[in-house]
Every structure is written in structure tokens, then in C-alpha cells.
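Visitor: Could you zoom in on just one part of this model for me and take it slowly? I'd like to hear how that part sits with what is around it.

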Amino acid sequence: MLKFPIKGAIKNTIFEHFCGGETIEGCNETIKQLDAAHIGTILDYSVEGEESEESFDHTVEEILLTIKKAAESPAVPFSVFKVTGIATLELLEKVQSGRELTAEDQAAYARVKQRMNTLCKAAHDLHVRIFVDAEETWIQDTIDTLTYEMMDLYNHQECIVWNTYQMYRTESYSNLVKATETARKKGYELGIKLVRGAYMERERQRAHEMEYSDPIHATKEDTDQAYNKALQYFLDNHDILSICLGTHNEYSCLLMVQKMKEMGIAADDQHFWFAQLLGMSDNISFNLSHAGYNVAKYVPYGPIEAVMPYLFRRAAENTSVAGQASREFTLLKKEVRRRKRAVRQDLCKSKKAAQKA
Amino acid sequence: MPKMDILKAPSHQQQEKTISFDDTSVAFANQSNWQLKKTFFIFAAMNRNWLVKIGTFFIKLF
């Protein structure tokens with residue numbers, strides 16, 4: 001448990017910057033501020049609870065509240081959840097491995113499917129789009145299977161359920177192609193959230209320890225190339241696809257903007273979204289939104305103690321690399337200087353005006 | 001099946017503008033001078049590797 005002065009200091013600084021609040025209601029101010037700039041909020045319940053049936057049921061209740069919030073507020077265009085919030089990693093892995101499930105496992109897996117259905121059905125009934133977040137490769141096939149089942153149930157009229165593709169995975173592009181072909185065959189819409197990926201260290205460590213080939217692209221350039229190739233694939237198939245570019249990569253965002261212009265697609269076409277994390281890459285989010293594109297921010301929320309790992313990750317990725325300040329810090333310095341200059345110019349102008357008078 | 005709300009054109013339709021991700025006046029337009037200073041100091045602190053390492057260590061202790 002964090003003690004009072006430390007908790008207060010964190011709350012008023014990095015927590016306030018990177019998180020919306022401790023509860024959904026606590027996020028209202030953030031939602032309002034983002035909405036003022038025509039930026040949507042994706043409420044991300046960031047608490048990683050214990051792996052118990054009670055904790056999973058509690059997570060479902062909380063996600064249902066975020067779906068309800070999205071249904072009530074146009075400023076909340078998506079909801080989101082992680083399958084490991086409603087199932088044990090061990091069970092998901094066992095299903096993927098093809099090992100025989102015990103009667104207990106089967107019952108537990110049936111409950112996972114039921115929880116997944118509760119969330120997606122609620123989203124469908126309330127016309128709210130819902131992202132299923134991507135996770136580690138050794139459970140991702142199970143997550144994909146569950147998600148496609150939901151799409152087949154709820155995406156025939158509207159694109160409600162969206163799957164996430166981590167383009168640092170060597171297999172992601174072919175998975176996306178297969179998913180599109182299946183969606184076309186079965187006649188449902190496919191919502192795709194394209195990200196680069198977040199579990200590289202864990203993936204590589206496991207591949208090394210268990211002696212199988214690295215599932216991640218060898219270089220960042222290969223990942224970038226795969227990401228942009230997927231973007232082009234989406235454009236070629238956007239009759240049945242909807243996309244959310246979950247990225248802080250400026251080039252990928254500009255590439256999408258350029259392609260949309262070339263194809264005569266309106267900036268605010270609802271099949272095209274951009275998303276960044278709250279407190280990060282505001283230069284991308286606010287400039288895209290200013291130009292009329294659909295933008296949303298991932299807004300994590302939860303008790304301060306529970307979101308500390310998330311805050312540590314944000315702090316770590318904003319440190320200088322080899323003496324080079326982060327992009328965020330460089331832009332902040334630029335804006336501080338710009339405002340100081342503007343104040344000086346205003347002062348000069350008023351002095352001159354006073355002299356003339 | 002009624003058309004879903006998400007397919008309605010949003011109220012913020014604007015004339016298309018040229019995008020520059022270097023335009024900090026737009027990027028930080030929602031931050032007052034006071035908020036911008038605060039954000040600046042948070043990022044200035046996070047920019048220091050040693051401070052993040054020490055901070056993370058002590059917070060974990062408490």
C-alpha cells in the first residue's frame with residue numbers, strides 16, 4: 001500500500017497525466033477535456049486482479065459499466081477488454097496447445113466463453129464498438145478464435161467486435177489476410193486494431209528458453225514494413241473492414257492520411273480511427289483531430305496502486321536514450337519557448353501601440 | 001435494424017487541413033500555461049534515467 005505523501009505526489013503528477021482517474025466517474029473531467037478537442041475516450045480498466053473466478057466476474061461487471069458509459073456518451077466511441085481479465089493464462093494456453101482439457105477445464109472454458117459473450121452481446125445491444133486487446137503469442141490463437149466467434153454472432157450488421165493485430169509478430173499479416181477471407185465468406189464485418197506490439201521481451205525470452213523460433217520480426221524496420229503493408233491491405237479491403245491505427249508512429253499516421261486523401265475517403269469516415277495513449281503523442285492526436293480525423297485516446301483508470309506498473313512503463317519509455325531527449329519532451333520544450341516568444345511579441349506590440357498613442 | 005449512432009457523421013466535421021505533427025500550438029492547445037509547465041516538469045523529471053530508476057525503486061519500497 002502506498003503511503004499518503006507518496007501517493008499524493010504520484011496522484012498529482014504522473015497519475016494525473018497518464019490516467020483518467022480511479023473510477024469511471026473520476027474520468028469525467030478527462031473525457032470532457034478530450035471531447036472539447038473532438039477526441040474520444042476509450043476507458044481502459046487497467047487493474048490486473050488475481051486469477052480467480054470472483055475477480056473475473058468483477059472485471060466483467062466493470063467492463064459492462066464502461067460499455068454503458070460508451071452507450072450514453074458520444075465522447076466515448078469504443079470500449080475495450082483483455083481476455084486475461086476474464087480467464088486464466090494457464091487455461092488459455094492449454095486450449096491453444098491442444099492438450100486434453102479436464103472436465104474442470106472445460107467448465108472453466110465454458111465460463112470464459114460466457115463472459116466473453118456477456119460483454120460482446122451488451123456491446124451489440126447498446127451499439128457500442130468493443131476492442132479485444134492482443135496478448136502473448138502462446139494464448140493469442142485462443143483469443144482470436146473466441147473473438148471471431150463473437151464477430152460471427154454480432155458483426156453481421158455493424159462492426160461491433162474488433163480484434164487486435166500486433167504487427168511485430170511475423171505471422172500477423174497472414175492472420176489478418178485469413179481473418180478477412182473468413183469474414184468475407186461468412187458475411188460479417190471485421191474490425192481491426194493495428195498495433196506494433198507490447199510483449200517483445202517476454203516473447204523472445206520464452207522462445208529462447210523453450211527453443212522455438214522467435215515469433216517477432218528481427219528488426220524494427222521489418223515491423224514498420226509489416227505495419228504499413230497491413231495498412232495497405234486494409235485499404236484494399238475496406239468494404240468489409242474497419243480500422244483503428246493504435247500507434248504513436250508519425251509516419252504510419254501520415255501514410256494513412258495520405259492514402260485516404262488519394263482514395264477520396266472523407267477524414268471523418270467512421271471506418272477509420274486513430275488512437276494513442278492519454279498523455280502521449282498529443283502532437284499526433286490533437287493535430288489529426290484538428291484536421292477532422294477520428295481520434296480516440298486510451299484512458300487507463302483504476303486505483304493508483306493497481307496502475308503503478310503501467311505508470312512505471314510510461315516513465316521508463318520517456319527517459320532519454322543515449323542522451324537524446326524523448327520526442328514528447330522535445331515538443332514540450334518547443335511549445336514552452338513558443339509561448340514565451342508570443343508573450344514577448346505581445347508586450348512589444350502593446351508598447352509600440354502605447355508609444356503611438 | 002436501426003442504423004447505429006456511430007455511423008452518424010460527427011458534429012466536428014471540418015474543412016480538411018494540412019497536417020503537421022510538429023505544430024505544438026495545436027498539440028498543446030488544451031493546456032493552460034500552468035498545466036503546460038506542470039507537464040514540462042513531469043517530462044523533464046522522466047527524461048532523467050537516474051531519477052526514474054531511483055523513483056521506481058523507492059516507490060516499490062513503500
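Guide: Sure, and one term first: two residues are in contact if their C-beta atoms, placed from the backbone, lie within 7 Å. Keep in mind that this is a predicted model, in which local features need pLDDT of at least 70 and side-chain atom pairs count only at pLDDT 80 or more, while totals for chains, interfaces and linings use all residues. Residues are numbered from 1 along each chain as its sequence is written, and chains are lettered from A and ligands numbered from 1 in the order in which they are written.

Let's start inside. Leaving out residues up to four places away in sequence, A:C120 touches A:I130, A:M150, A:Y154, A:I160 and A:V161. A:C120 is also among the residues with the most contacts inside the largest nonpolar core, which has 98 residues. Such a core is a set of buried Ala, Val, Leu, Ile, Met, Phe, Trp, Tyr and Cys residues joined through C-beta atoms within 7 Å; buried means 20 or more other C-beta atoms within 10 Å of a residue's own, exposed means 12 or fewer, and partly exposed is in between. Helix α6 (residues 137-154) of chain A gives the most to this core, with 7 residues. Helices here are DSSP runs (H or I, at least four residues), numbered from the N terminus. The core also draws at least three residues from each of domain 1 (4-323) and domain 2 (324-357) of chain A, with bounds that come from an automatic or database domain assignment. The C-alpha centres of those two domains lie 39 Å apart.

Now for helix α13 (residues 327-356) of chain A. At 1.5 Å times one less than its number of residues, its 30 residues should span 44 Å, and the end C-alpha atoms agree with that because they are 43 Å apart. The buried residues of α13(A) are A:E328, A:F329, A:L331, A:L332 and A:E335. Their cover includes α11 (282-290) of chain A, plus α1 (24-27) and α2 (33-46) of chain B.

That brings us to the chain contact, which takes 48 residues from chain A and 37 residues from chain B. On the side of chain A that touches chain B, α13(A) gives the most, with 9 residues. That side of chain A divides into 22 nonpolar, 15 polar and 11 charged residues, with Ala, Val, Leu, Ile, Met, Phe, Trp, Tyr, Cys and Pro counted as nonpolar, Asp, Glu, Lys and Arg as charged, and the others, Gly among them, as polar.

Definitions and conventions:
Helices (H or I, at least four residues) and strands (E, at least two) are DSSP runs, numbered from the N terminus.
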